[in-house]
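Visitor: I would like to learn how to read a model like this one. Could we go through it feature by feature?

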Protein chains: 2
Amino acid sequence: MGEFEYIDWLRKRTPADDRVLVGPGDDCAVLKALAGGAWLVTTDMLLEGTHFVLADAGPRRVGRKAMAVNLSDIAAMAGRPVAAAISVGLPRNADSKLAEELYLGMREIADEFKTAIIGGDTNAWDGGLAISVTLLGEPTPPGPVLRQGARPGDWLLITGGLGGSLLGRHLDFTPRIREAQKLHQIVDLHAMIDVSDGLAGDVHHLCEESRCGAVLRADAIPVHPDVSRLHDQRSLLDHALNDGEDFELAFAVAPADGERLMRTQPVDGIVMSHVGAFIAEGGMWLEQGGRRDILPPRGYVHSFG
Amino acid sequence: MGEFEYIDWLRKRTPADDRVLVGPGDDCAVLKALAGGAWLVTTDMLLEGTHFVLADAGPRRVGRKAMAVNLSDIAAMAGRPVAAAISVGLPRNADSKLAEELYLGMREIADEFKTAIIGGDTNAWDGGLAISVTLLGEPTPPGPVLRQGARPGDWLLITGGLGGSLLGRHLDFTPRIREAQKLHQIVDLHAMIDVSDGLAGDVHHLCEESRCGAVLRADAIPVHPDVSRLHDQRSLLDHALNDGEDFELAFAVAPADGERLMRTQPVDGIVMSHVGAFIAEGGMWLEQGGRRDILPPRGYVHSFG
């Protein structure tokens, strides 16, 4: 299957969408502009060997993940996804099944979250599988929730459990689009992020952008059951703080809102935990057994150079 | 330089832009929505070894090309570029200079065409250099020029000369943003495409989308002077028809408009050529020395599988 046959194959599988005036196949896609407001734009690239092992995951789960990590960024702004543009670098020896399965994985979760796939670019090369998705979304009222905005005294809450995502959840997680929108309707979200680098790393991002610090309570951090299946030398807490790719939400709310969320647990199927608080001084601290230690924001960092 | 240092480095080099409410560094960029109308969205990926040889081109020209090929797609719709999101896969052993030079190359041409860089994703891996740019643009009145819309009898015009771009123009070309907008103001562009696959391949795209055929006149096709420096077994005409990556505009206009454009040559610094016409029957033909032969749309096709 050549590039143009693949484009034809894709176009046949592209459902009509009122928001898409011109879909895949022209020089650009044409997207209907929304009435006023703003657009959210995010892009994430997945690379073979770094973000997935193709032989283990299979192309459909890789495609799903490529779309889902971008949906998670839209969730972190409490936005609604609208349209995705995809570019793919395929290993030259790949069979056409790989390209198809990749697309079906993306399509599956795009459909679940009502996201149009509006275009893309497919190329073959001598390297490994590389997939880049750019996702456009719209804010939901009262507007995008940024990383900045946490205030000293705010509570830090997270959805779900953390750690051990490498056992499979890093591929099969559900982006917290619905949960973020629900929370955005019922409380004033001061700041929010999705947990991709690990809780310690991502709370560090919130602190930096909000120009404040944070104290996390070790016994309040919900360790995902997956962690106990890892059997390595690291502590459960270390995994929960630093594994990353949980794609849960970490957010700052006023104490009264935090207290209400913890009491009512209004998000179906997700338990929220109150894991700490923001403080005026910079830096991050971990409270454990009556002690307060520095918490390094190491998380998961792709370093180069 | 780690990922976060690189993000800081990028943010310091991101100028303020009225259209960008939140720039790089949060989960998503936030782009001000335009009043009504539509958005153009395009994405193109460049891969080491397929689209450039890093050691020959150098990272700055590669970055420039990654942005320029997307600008060329916006030009092909007669649009105005607005904002770009970038994702990069860097070889793990690359030095920080590579990432910086890549960015400076993108920045240089983005600035020339008043395009904001609103975000991105940078990763290291064991593979070669992979760069994906997604560009958002706005249509200019009276709206986007599609590949469909060429009518039997329309003239086929192109800007500039074709062939031999591999000698360097495929890296250093100027996307025809200004030229497309100018043409869009003064004539009714029925259909347009940028020449990336080669004239034969791209006119084939126009024909398929417009459900018609085309006749090209061999002696009217402007061969770029670069072709005569290639010294290979292929004819000059073969190069002009099939080399690709010229990034000139090929477009369909009514004969009266075509005649006027040819007579007045209203686009500064660019000579337009009348290279053929669209016909009702499907298929492509090349007229040469009184003969009419089938013209295969082979162009430059990335094939896989």
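**Reading the model**

Guide: Start with one residue and its surface. A:Lys114 has a relative accessible area of 64%, which is over the 50% cut-off, so A:Lys114 counts as exposed. Keep in mind throughout that this is a predicted model.

Visitor: Where is A:Lys114 found?

Guide: A:Lys114 belongs to the loop between α4 (96-112) and β5 of chain A. Its backbone deserves a look as well: phi of A:Lys114 is near 50°, a positive value in a residue other than glycine.

Visitor: Which other residue has a positive phi although it is not a glycine?

Guide: A:Phe247 is one, with a phi of about 60°. A:Phe247 also sits in a loop, the one between α8 and β10 of chain A.

Visitor: Is A:Phe247 buried or exposed?

Guide: The cut-off for buried is under 20% relative accessible area. A:Phe247 has 3% relative accessibility and therefore counts as buried.

Visitor: What does A:Phe247 pair with?

Guide: For rings, read two values: the distance between centres and the angle between planes. Centres within 6.5 Å make a pair, and planes under 30 degrees apart count as stacked. The search of the whole structure gives three aromatic pairs over all chains. One of them crosses between chains, so take that one before A:Phe247.

Visitor: Which residues form the pair that crosses between chains?

Guide: A:Trp125 and B:Trp125 do, stacked at 5.9 Å centre to centre with 20° between the planes. A:Trp125 lies in strand β5 (residues 116-125) of chain A, and B:Trp125 lies in strand β5 (residues 116-125) of chain B. Both A:Trp125 and B:Trp125 are buried.

Now A:Phe247: its partner is A:Phe173, and the two are stacked, with 4.0 Å from centre to centre and 20° between the planes. This pair links distant parts of the chain, 74 residues apart. A:Phe173 is in the loop between α5 (169-172) and α6 (177-186) of chain A, while A:Phe247 is in the loop between α8 (236-242) and β10 (249-253). A:Phe173 is buried because its relative accessible area is 6%, under the 20% cut-off.

Visitor: How should I read a residue inside a helix?

Guide: Check the element, then the accessibility, then the contacts. A:Ala180 is in helix α6 of chain A. With 0% relative accessibility, A:Ala180 counts as buried.

Visitor: Which residues does A:Ala180 touch, not counting residues up to four places away in sequence?

Guide: A:Ala180 touches A:Ala75, A:Ala78, A:Leu189, A:Met192 and A:Leu249. A C-alpha distance adds a second view: A:Ala180 and A:Ser72 are 108 residues apart along the chain, yet their C-alpha atoms are separated by 9.8 Å.

Visitor: And a residue in a strand?

Guide: Follow the same steps. A:Ile158 is part of strand β7 of chain A, and A:Ile158 is buried, with a relative accessible area of 0%. Leaving out residues up to four places away in sequence, its contacts include A:Leu199, A:Pro222, A:Leu249, A:Phe251 and A:Val271. A:Leu249 is also touched by A:Ala180. The C-alpha atoms of A:Ile158 and A:Ile193 are separated by 9.7 Å, with their positions 35 residues apart along the chain.

Visitor: Where is there a cis peptide bond in chain A?

Guide: Look at omega. From A:Pro141 to A:Pro142 it is near 0°, and the bond is cis. A:Pro142 is in the loop between β6 (130-139) and β7 (155-159) of chain A. In chain B, the bond from B:Pro141 to B:Pro142 is cis, also with omega near 0°, and B:Pro142 is in the loop between β6 (130-139) and β7 (155-159) of chain B.

Visitor: How do I read the chain as a whole?

Guide: Begin with the elements, then overall size, then burial and charge. Chain A has nine helices and 13 strands. Its radius of gyration is 20 Å, which agrees with the value near 19 Å for a compact globule of 305 residues. The C-alpha atoms fill a box of roughly 65 × 50 × 40 Å along the principal axes.

Visitor: What share of the residues in chain A is buried?

Guide: Buried residues make up 63% of the 305. Among contacts between residues at least 6 apart in sequence, 83% join residues at least 24 apart. The exposed area is about 11,600 Å², with 51% of it supplied by carbon and sulfur atoms.

Visitor: How many charged side chains of each sign does chain A have?

Guide: Chain A has 29 positive and 43 negative side chains, and the centres of the two sets lie 4 Å apart.

Methods
Residues are numbered from 1 along each chain as its sequence is written. Chains are lettered from A and ligands numbered from 1 in the order in which they are written. This is a predicted model: local features need pLDDT of at least 70, side-chain atom pairs count only at pLDDT 80 or more; totals for chains, interfaces and linings use all residues. Side-chain values use heavy atoms; hydrogens and water are left out. Helices (H or I, at least four residues) and strands (E, at least two) are DSSP runs, numbered from the N terminus. The radius of gyration is taken over C-alpha atoms; the globule rule is 2.2 Å times the number of residues to the power 0.38. Buried means under 20% relative accessible area, exposed over 50%, partly exposed in between (1.4 Å probe, protein chains only). Contact means heavy atoms within 4.5 Å. Accessible areas come from the Shrake-Rupley method with a 1.4 Å probe; for residues, only the protein chains shown count as cover. Lys and Arg count as positive and Asp and Glu as negative; His and the chain ends are not counted. The place of a charge is taken as NZ of Lys, CZ of Arg, CG of Asp or CD of Glu. Rings of Phe, Tyr and Trp (its six-membered ring) pair if their centres lie within 6.5 Å; planes under 30 degrees apart count as stacked, over 60 as edge-to-face and the rest as tilted.
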